[in-house]
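I opened this entry to look up pockets and helix packing. The notes follow in the order I took them.

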Amino acid sequence: MSRREPHRSSEVALALRDVLQANGEATHSLADRLGIGVNDAVAMDHLLSNAAGLGPTELGQRLGIRSASATVLVDRLESAGHAQRVAHPSDRRRQTVVATDHARVEVMDALAPLLRRVEEAAGRLTPEEAGATATFLRQVAAAMRDYAAEAGTGGKADG
């Protein structure tokens, strides 16, 4: 019986872990710059990434918080002028939460220094490196989404 070598993370995996940790730090910094809590900043990210908006329950699920807590969070974002409730486009009984134009401008202004530095780093890549990096990052994002989806099935993949 052969012995397996102890698992060692690759340099790429370690760099990705560093990026993920830095992302958490950047989220905290964004929240501080906007004068809001971290959960509110994460909620804003979800709303800004979904132009059609999200239902309060769906937003709560994405944040891992209960429906009542999601309602309080949406109330807080709405009071701050960061979000608004609008009628659902196809179901009059439901509401959708969307980010306000004010929030879009405020978040983009706060993120501008970070986005500029990311674009500068990307600009130093050759076209081939940029293509390979984009492909790799999309594959990692898909793996992370699959991992998250598996949590809803008790950690077991379909099959």
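**Pockets and helix contacts**

I began with the lining of the second largest pocket, which consists of Ala15, Asp18, Val19, Ala22, Asn23, Ala26 and Leu114. I note that the model is a predicted one. For the volume of the second largest pocket I have about 150 Å³. Helix 1 gives the largest share of this lining, six residues. Sorted by class, the lining of the second largest pocket has five nonpolar residues, one polar and one charged.

Next I looked up the largest pocket. It holds about 1,800 Å³ of space. I found 42 residues in its lining, and those closest to the centre are Val19, Leu20, Asn23, Asp45 and Leu137. I then listed the elements that give two or more residues to this lining: helix 1 (11-34), helix 2 (38-48), helix 3 (56-63), helix 5 (101-123) and helix 6 (127-151). Which helix gives the largest share of the lining of the largest pocket? I have helix 5 for that, with eleven residues. The class count for the lining of the largest pocket is 29 nonpolar, six polar and seven charged.

I noted that Val19 and Asn23 line the second largest pocket and are also listed among the residues closest to the centre of the largest pocket.

I turned to the packing of helix 1 and helix 5. Their axes are 10 Å apart, at an angle of about 135°. Angles over 145 degrees count as roughly antiparallel and 65 to 115 as roughly perpendicular, so I recorded helix 1 and helix 5 as oblique to each other. The crossing of helix 1 past helix 5 is right-handed. On the helix 1 side I listed Ala26, Leu30, Arg33 and Leu34, and on the helix 5 side Glu106, Val107, Ala110, Leu111, Pro113 and Leu114. This contact of helix 1 with helix 5 has eight nonpolar residues, two charged and no polar. Two of its residues, Ala26 and Leu114, I had already written down for the lining of the second largest pocket.

Then I checked helix 2 against helix 3. I have their axes coming within 10 Å and crossing at roughly 120°. Helix 2 is therefore oblique to helix 3. I logged the crossing of helix 2 past helix 3 as right-handed. From helix 2, the residues Asn39, Val42, Ala43, His46 and Leu47 meet Leu59, Arg62 and Leu63 of helix 3. I count by class five nonpolar, two polar and one charged residue in the contact of helix 2 with helix 3.

My last lookup was helix 3 with helix 4 (residues 67-79), whose axes cross at roughly 105° and come within 8 Å. Is helix 3 oblique or roughly perpendicular to helix 4? I entered it as roughly perpendicular, because the range for that term is 65 to 115 degrees. In helix 3, Pro56, Thr57, Leu59, Gly60 and Leu63 meet Ser67, Ala70, Leu73 and Val74 in helix 4. By class I have six nonpolar, three polar and no charged residues in the contact of helix 3 with helix 4. I marked Leu59 and Leu63 of helix 3, which meet helix 2 and also meet helix 4.

Terms used. Residues are numbered from 1 along each chain as its sequence is written. This is a predicted model: local features need pLDDT of at least 70, side-chain atom pairs count only at pLDDT 80 or more; totals for chains, interfaces and linings use all residues. Side-chain values use heavy atoms; hydrogens and water are left out. On a 1 Å grid over the protein atoms alone, a cavity is a set of points where a 1.4 Å probe fits but cannot get out, and a pocket is an open set with protein on both sides within 12 Å along at least five of seven lines; lining residues have an atom within 4 Å of a point. Grid points are joined across faces, edges and corners, and a volume is the space filled by probe spheres set on the points. Helices (H or I, at least four residues) and strands (E, at least two) are DSSP runs, numbered from the N terminus. Ala, Val, Leu, Ile, Met, Phe, Trp, Tyr, Cys and Pro count as nonpolar, Asp, Glu, Lys and Arg as charged, and the others, Gly among them, as polar. Axes are lines fitted to C-alpha atoms, for helices over the stretch in contact, and angles run from 0 to 180 degrees between N-to-C directions. Angles under 35 degrees count as roughly parallel, over 145 as roughly antiparallel, 65 to 115 as roughly perpendicular and the rest as oblique. A crossing is left-handed if the near helix is turned anticlockwise from the far one by less than a right angle, and right-handed if clockwise. Contact means heavy atoms within 4.5 Å.
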